[in-house]
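Please open the model in your viewer, switch to a cartoon display, and keep the selection tool at hand for the stops below.

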Amino acid sequence: MLYLWIDDIRKKPNDDKTWNVFQTVNDTVKFIRRRYKEGYTDFYLDLDHDAGDYAGRGGDYINILRDIETYHAMGHMRNINLTCHFHSMNPVGIQNMKAVCEKNGWKIV
C-alpha cells in the first residue's frame, strides 16, 4: 500500500508509515496515475479538503477523489483500491468527500 498525505499546511504524522507528501491536486493525481500504471492498486489517502494557496493547481482536495472516479468510470484504474482518512476542519467538505468514497465503494477510516 502506498500512503499519501495531502495537505497545504499540516505536516505528515510521525509514525512508521512511509508517507508521500503532496500539496496540490494535480501532483497527487499525476503520482497516483503513474504508480497505478506501474502496478500499484492499493492507496491510503489522508486528505485535507481545503487547498488554500494551492487551489489554483487543481482545486480543493476533493478533486483528487473526483478525478480518480472519472478515470475509473472511463475504464481506467478499474481495480484501484482506496482507503481514505479525512483530517479537514471543514465538516461539509468531509461529508462531500465521504459521499464520493461511498458512491465508489472506497473504504473510509
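Select Leu45 and then Cys84 in E4, which is its bridge partner. These two strands, E3 (residues 42-47) and E4 (residues 81-86), pair in the parallel sense over 6 bridges, where pairing requires that DSSP finds at least two bridges between the strands. Strands (E, at least two residues) and helices (H or I, at least four) are DSSP runs, numbered from the N terminus. Following the chain from E3 through H2 to E4, you trace a β-α-β crossover that is right-handed, meaning that, with the strands pointing away from the viewer, the path from the first strand over the helix to the second runs clockwise.

This is a predicted model, in which local features need pLDDT of at least 70 and side-chain atom pairs count only at pLDDT 80 or more, while totals for chains, interfaces and linings use all residues. Residues are numbered from 1 along each chain as its sequence is written, and side-chain values use heavy atoms, with hydrogens and water left out.

Next, select Thr83, which stands opposite Lys107 in E5. E4 and E5 (residues 107-108) pair in the parallel sense over 2 bridges, and the chain crosses from E4 through H3 to E5 in another β-α-β crossover, which is right-handed.

Finally, select helix H2 (residues 62-73) together with helix H3 (residues 91-104). Which residues of H2 meet H3? Ile62, Leu65, Arg66 and Glu69 in H2 meet Asn96, Met97, Val100, Cys101, Lys103 and Asn104 in H3, contact being heavy atoms within 4.5 Å.

How values were computed:
Axes are lines fitted to C-alpha atoms, for helices over the stretch in contact, and angles run from 0 to 180 degrees between N-to-C directions.
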